[in-house]
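Visitor: I am new to this structure. Please take one part of it, look at it closely, and then place it among the rest.

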Amino acid sequence: MTLESCYAAMGADYQDVLSRLRSERLVQRFVLKFLDDKSFELLRSSLAQGNTEEAFRAAHTIKGMCQNLSFTQLERSSTALTEDLRAGGSDRVEGLFAQVQADYARTVEAITAYRDQPE
Amino acid sequence: MPAGRGINTQQEKILIVDDSEMNRSILADMLAEDYEIVEMEDGVAAVSYLRGHVMELSLVLLDIVMPRLDGFGVLEAMQQNHWIDDVPVVIISAENGSNQVERAYALGATDFIPRPFDALIVRRRVVNTLLLYAKQKRLISMVEEQVYEKERHSDLMIDILSHVMEFRNGESGLHILHVRTLTDLLLSYLMEKTDRYHLTMADIALISTASALHDIGKMAIDEKILNKPGRLTDEEFAIMKTHSTVGADMLSNLPVGRDDPIVKVAYEITRWHHERWDGRGYPDGLQGDAIPISAQVVSLADVYDALTSERVYKPPFSHEEAVAMICRGECGAFNPLLIQCLTENAEQLRTALTRDASETIKRTKLRGISEETLRGEGGGVSKRTLRLLDRERMRNSFFASMSQTIQFEYTRSPSMVSLSTWGAQRFNLDEIIMNPFTDRRILELVGRDSLEEIIQKMAATTPEAPELRIDCPLHYDGMARWHRVILRSLWSDDEIPQIEGALGTVMDIHDTQMHLMELEHKADRDTLTGLLNRASARKRMEMRMGDSPESHYALAEIDIDDFKIINDVYGHMFGDQVLQQMARSITGSVRSSDICCRAGGEEFFIFLEYRTDIERTIDRIFKSLCFTYKGRRVTVSMGVALGEDTGLDFDAMYHAADSALYAAKRGGKCQYQFYKPDMAGLLEDRRDGSVHHSQHTH
């Protein structure tokens with residue numbers, strides 16, 4: 001599995017990220033780092049506790065990482081959630097979060113598969 | 001100069017503030033190659049780091065949305081603490097709504113980098129911002145250095161003068177320092193109070209410095225009168241009073257510097273510091289504002305300090321007593337405005353004098369004001385003052401940039417060179433360089449040949465002739481510019497003096513040097529054709545023959561046939577064009593190392609070095625010099641002399657070539673002749689006038 005096919009699997013734009021960061025090694029490093037990021041957990045727990053402000057920041061961070069890594073699909077859903085939370089959160093939050101969760105899962109699966117493949 | 005990439009400058013430090021570890025890493029990765037990176041994960045951490053390290057930082061990259069304290073909060077803190085004046089902030093954020101950007105700019109952000117990051121954009125913006133600030137910082141420190149240096153010199157002069165005066169006048173050496181401090185303060189208060197005297201900060205500095213000279217005339221007064229403990233007789237007092245005119249004469253009779261502003265001000269002070277506001281003073285009985293303001297202020301400062309100091313004939317009065325006596329008019333008559341300045345600021349004046357008067361706080365004051373100016377806010381300083389200060393700053397930087405002079409000092413043991421701050425920055429060097437003669441950066445700057453010349457010439461200096469001067473190109477910032485290096489060696493006091501080191505200056509003379517070289521080039525050349533003229537061609541030929549006398553040389557003298565006809569029939573303009581075309585044909589037919597010359601009129605010559613078969617070469621050259629120009633056939637006659645026939649002597653070769661040329665003309669023109677000994681008589685015939693050859697003119 002190449003990094004490019006990993007990107008394809010998660011609905012992300014490999015050419016775009018490569019054109020900005022200019023090195024496959026760099027992209028790979030940060031893609032793998034994405035797995036260690038705790039923002040999604042923070043987002044879920046903050047929403048569960050009704051802490052909109054913290055949830056907004058967590059969603060915002062996810063959105064920012066996605067922008068940097070050109071994770072197009074997850075970026076789209078996290079942006080929608082971020083904007084809703086920025087305005088204080090509406091009744092759409094639950095549905096928006098479900099979409100983020102689905103995209104996040106798909107992303108993490110693709111990266112994990114890429115990381116764990118035999119040499 | 002690429003910011004932060006210079007080999008010699010230490011790496012610039014960038015603070016990255018972002019709550020996302022990934023964002024920080026991406027940025028750090030993009031920049032780590034060229035900069036030192038510090039990372040902070042939120043606004044609070046950033047502010048606490050800034051508190052201790054702001055002066056080390058070159059740039060802050062700041063995220064907006066962060067927990068605890070967001071980017072705007074950090075910007076506000078930076079503004080409150082004035083850190084934003086020293087460190088530029090570039091905002092990085094996905095928040096590109098225009099009011100967010102606007103708010104960040106309003107809070108002092110310098111630039112904005114949008115997310116997602118593009119490595120090229122990030123690097124370029126960082127470099128741009130650093131460049132901008134580096135330039136500003138350089139300018140500030142340059143101006144400060146210049147002004148400080150100037151002050152240090154004048155302070156030193158005043159110290160020396162005070163001590164001399166102390167010896168002579170039996171006054172406390174502090175008197176001159178006190179007068180200076182008082183003058184400075186009184187003038188500052190006066191400037192706040194009124195615009196009447198059009199005082200600038202520069203004027204105040206000038207007047208207070210010149211105030212040190214107010215009693216210089218006392219040097220000429222007999223010591224017996226000067227230090228007489230009792231009361232002076234009328235006659236003695238009359239002599240004493242001459243010190244003001246004597247002092248003024250000393251200044252106006254100076255052989256140099258009479259027109260210098262400081263000498264003019266010193267003249268006013270020296271001559272008129274005993275005038276009175278009511279016109280009853282001496283020597284000229286000036287009244288009111290007919291007395292220059294400089295003299296008025298020094299007069300008051302002088303009286304005040306005399307009252308509060310101990311003298312052979314009186315104990316010191318307290319500050320309050322002195323002020324009261326002056327106000328009651330017991331010690332002279334003064335400008336009421338100045339009296340106001342004195343009474344209204346009595347407390348500050350007293351503190352200023354009780355402090356060690358020589359310890360002025362000019363430098364901090366200067367820095368403070370320049371910061372205020374840069375921030376563009378008035379604070380306690382009026383707009384007018386700022387404008388004046390601005391002008392002073394401009395003047396200083398102008399003079400600094402005009403003089404282009406850089407000072408340095410060399411010590412032999414330990415072997416090191418210290419450069420002025422500005423000089424170090426100019427040449428991208430450290431201020432202190434150990435073992436300069438083997439230092440790679442010095443070698444790159446000066447070049448091996450020049451460096452060796454300097455070492456050699458320095459070794460040849462003596463205590464009697466310690467100066468040496470070298471013009472050489474210096475290489476920095478990717479260019480080579482001509483500089484003049486002047487060194488003065490310093491010698492030990494030993495019986496056999498040893499060089500201990502040297503003082504030096506470096507001056508940029510590039511433009512002058514280029515101009516000179518251009519003039520030299522012009523002086524060497526014929527203006528119409530650009531070929532060498534006769535004198536310079538001769539010089540070069542002689543040099544060539546002297547350098548390698550074993551080579552074979554030929555001199556070909558060329559004369560355009562019937563040039564007079566060309567000129568007469570087609571006009572001088574056409575004639576000139578033919579000459580220019582001939583010059584092109586000549587240079588086109590020889591190697592660039594050959595010497596081509598227009599000797600005058602339509603006469604040219606070529607000096608060439610050859611190995612074998614000079615006949616073929618000459619034949620080829622001759623053919624290329626006969627051409628058709630704009631329908632007109634142009635031909636030449638040519639006489640050739642070989643060095644082996646005539647000897648390597650310019651006159652001999654030229655004479656022989658001339659004879660051969662004459663033979664060619666006589667043979668019917670449009671041909672060439674090699675010199676043969678039997679031609680020697682030809683020229684003499686011509687000179688006798690027995691043979692006329694109208695075309696062969698000079």
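Guide: The answer starts with one helix of chain B, follows its surroundings, and then turns to other places in both chains.

This is a predicted model, in which local features need pLDDT of at least 70 and side-chain atom pairs count only at pLDDT 80 or more, while totals for chains, interfaces and linings use all residues. Residues are numbered from 1 along each chain as its sequence is written, and chains are lettered from A and ligands numbered from 1 in the order in which they are written.

The part is helix α11 of chain B, residues 261–272. Helices (H or I, at least four residues) and strands (E, at least two) are DSSP runs, numbered from the N terminus. The end C-alpha atoms of α11(B) are 17 Å apart, which agrees with the 16 Å that its twelve residues should span at 1.5 Å a residue. The expected span is 1.5 Å times one less than the number of residues.

Which residues of α11(B) are buried? They are B:Val265, B:Ala266, B:Tyr267, B:Glu268, B:Ile269, B:Thr270, B:Arg271 and B:Trp272. A residue is buried if 20 or more other C-beta atoms lie within 10 Å of its own, exposed if 12 or fewer, and partly exposed in between, with C-beta atoms placed from the backbone. In chain B as a whole, 32% of the 698 residues are buried.

The buried residues of α11(B) pack against three helices of chain B: α7 (201–210), α10 (243–252) and α12 (293–308). Two residues are in contact if their C-beta atoms, placed from the backbone, lie within 7 Å.

One of these neighbours, α7(B), also packs with α6(B), residues 174–193, at an angle of about 155 degrees, with the axes 8 Å apart. Axes are lines fitted to C-alpha atoms, for helices over the stretch in contact, and angles run from 0 to 180 degrees between N-to-C directions. α6(B) and α7(B) are therefore roughly antiparallel; angles under 35 degrees count as roughly parallel, over 145 as roughly antiparallel, 65 to 115 as roughly perpendicular and the rest as oblique. Their crossing is right-handed. A crossing is right-handed if the near helix is turned clockwise from the far one by less than a right angle, and left-handed if anticlockwise. From α6(B) the contact takes B:Arg180, B:Thr183, B:Asp184, B:Leu187, B:Ser188 and B:Met191, and from α7(B) it takes B:Ile204, B:Ile207 and B:Ser208. By class, these residues are four nonpolar, three polar and two charged. Ala, Val, Leu, Ile, Met, Phe, Trp, Tyr, Cys and Pro count as nonpolar, Asp, Glu, Lys and Arg as charged, and the others, Gly among them, as polar.

The loop between α11 and α12 of chain B holds B:Pro283. The peptide bond from B:Tyr282 to B:Pro283 is cis, with omega near 5 degrees. Most residues other than glycine have a negative phi, and most peptide bonds are trans.

Two residues have a positive phi without being glycine. Phi of B:Asn435 is near 45 degrees, and B:Asn435 lies in the loop between β8 (432–434) and α19 (440–446) of chain B. B:Asn435 counts as exposed, with 11 C-beta neighbours inside 10 Å. Phi of A:Arg22 is near 65 degrees, and A:Arg22 lies in the loop between α2 and α3 of chain A. A:Arg22 counts as partly exposed, with 13 C-beta neighbours inside 10 Å.

As for the whole of chain B, its secondary structure comes to 28 helices and 18 strands. Of the contacts in chain B with a separation of 6 or more, 60% join residues 24 or more positions apart.

Chain A has a helix pair of its own to set beside α6(B) and α7(B). The axes of α6(A), residues 72–86, and α7(A), residues 93–116, come within 9 Å and cross at roughly 155 degrees. That makes α6(A) roughly antiparallel to α7(A). The crossing of α6(A) and α7(A) is left-handed. By class, their contact has nine nonpolar, five polar and two charged residues.

Finally, the contact between the chains takes 17 residues from chain A and 15 residues from chain B. In chain A, the elements that give two or more residues to this side are α2 (14–21), α3 (24–34) and α5 (52–69). The largest share, eight residues, comes from α5(A). The residues on the chain A side are five nonpolar, six polar and six charged.
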